[in-house]
Amino acid sequence: MSIDFETRQRIFDAVGQGGCLTIDEMTEATALPRRRVSEVLSRLIERGIMERVERGCFRLSDDGKQAQDRGIPLKKWRCPNTPTRAKAATLKVRLWRAMRLQGIGGRFTIGDLLALAARDEKKAASHASIYLNRLAEAGYLRRLPKRQPSDVPGSQGYVRYQ
């Protein structure tokens, strides 16, 4: 269940006014249902904004107090201790990593990258071609003038990138 920023901010503000509040006191101060207050509190504790002092008693953590003192709205504030999510290993991410494996000045073809990065994706070669062409247009890659020869009769060869 997604918890909107306004709800979080209401609880953040209510706890900031008092030292240590119970869930019932926060429910009364924010006019939110008890279950909602409990859900939001657990998320704020995970983010390091709130802390549980003792059973049933919650207050702002040191990081939460600093954010409130600076007037940073909760929507824009991020706890420095909160772990970030790892990026999904999408085809683009794996292709980028494969390019980095080629080293500085490394030359490669789409086939070279797909040998390292592709799994069982449908149309992996097509998606890789589009991605490399966009990187080349943006100036991150350079298309080399000489192509790598191909075994297919009548083929112009494979485009090489650097």
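**Figure 1. Long-range contacts and overall make-up of the protein chain in the predicted model.** Among the contacts in the protein chain with a separation of 6 or more, 49% are accounted for by residues 24 or more positions apart. The protein chain has seven helices and four strands, and read from the N terminus these elements follow the order α-α-α-β-β-α-α-β-α-α-β. Of the 162 residues in the protein chain, 33% are buried, while the accessible surface comes to about 11,200 Å², with 49% of that surface belonging to carbon and sulfur atoms.

**Figure 2. Close-up of the packing between helix α5 and helix α7.** Helix α5, which spans residues 91-101, packs against helix α7, which spans residues 124-138, at an angle of about 65 degrees, and the two axes are 11 Å apart. The crossing of these two helices, α5 and α7, is right-handed. On the side of α5 the contact is made by L91, K92, L95, W96 and M99, and on the side of α7 by A124, H127, A128, Y131, L132 and L135. Sorted by class, the residues in the contact of α5 with α7 are nine nonpolar, one polar and one charged.

**Figure 3. Close-up of helix α2, with its buried residues and the face turned away from them.** Helix α2 covers residues 23-30, and its buried residues are I23, M26, T27 and T30. Viewed down the axis of α2, these buried residues fall within an arc of 105 degrees, so they line one face of the helix. An α-helix has 3.6 residues a turn, so residues three or four places apart point the same way. The face of α2 turned away from the buried side carries E28 and A29, which are exposed. Just after α2, A31 takes a positive phi of about 60 degrees, although most residues other than glycine have a negative phi.

**Figure 4. Close-up of R10 in helix α1 and its contacts with T30, A31 and L32.** R10 lies in helix α1, which comprises residues 5-17, and this residue counts as partly exposed, at 38% relative accessibility. Leaving aside neighbours within four places in sequence, R10 is in contact with T30, A31 and L32; of these, T30 is one of the buried residues of helix α2, and A31 is the residue with a positive phi just after that helix. The C-alpha atoms of R10 and A31 are separated by 9.4 Å, with their positions 21 residues apart along the chain.

**Figure 5. Close-up of T109 in strand β3 and its contacts.** T109 is part of strand β3, residues 108-109, and counts as buried because its relative accessibility of 5% falls under the 20% limit. When residues up to four places away in sequence are not counted, T109 touches Q148, Y158, V159 and R160. R160 belongs to strand β4, which covers 160-161.

**Figure 6. Close-up of G157 in the loop between α7 and β4.** G157 is found in this loop and is buried, with a relative accessible area of 11%. Not counting residues up to four places away in sequence, G157 touches R147, Q148, P149 and S150, and Q148 is also among the residues touched by T109. From C-alpha to C-alpha, G157 and K146 are 9.1 Å apart in space, and they are 11 residues apart in sequence.

**Figure 7. Close-up of two loop residues, T90 and K123.** T90 is found in the loop between α4, residues 62-70, and α5, and is partly exposed, with a relative accessible area of 39%. The C-alpha atoms of T90 and A118 are separated by 9.6 Å, although these residues are 28 residues apart along the chain. K123 has its place in the loop between α6, residues 110-117, and α7, and counts as exposed because its relative accessibility of 62% is over the 50% limit. K123 has a positive phi of about 60 degrees although it is not a glycine.

Notes
Residues are numbered from 1 along each chain as its sequence is written. This is a predicted model: local features need pLDDT of at least 70, side-chain atom pairs count only at pLDDT 80 or more; totals for chains, interfaces and linings use all residues. Side-chain values use heavy atoms; hydrogens and water are left out. Buried means under 20% relative accessible area, exposed over 50%, partly exposed in between (1.4 Å probe, protein chains only). Contact means heavy atoms within 4.5 Å. Accessible areas come from the Shrake-Rupley method with a 1.4 Å probe; for residues, only the protein chains shown count as cover. Axes are lines fitted to C-alpha atoms, for helices over the stretch in contact, and angles run from 0 to 180 degrees between N-to-C directions. A crossing is left-handed if the near helix is turned anticlockwise from the far one by less than a right angle, and right-handed if clockwise. Ala, Val, Leu, Ile, Met, Phe, Trp, Tyr, Cys and Pro count as nonpolar, Asp, Glu, Lys and Arg as charged, and the others, Gly among them, as polar. The arc is that of the directions from the helix axis to the C-beta atoms.
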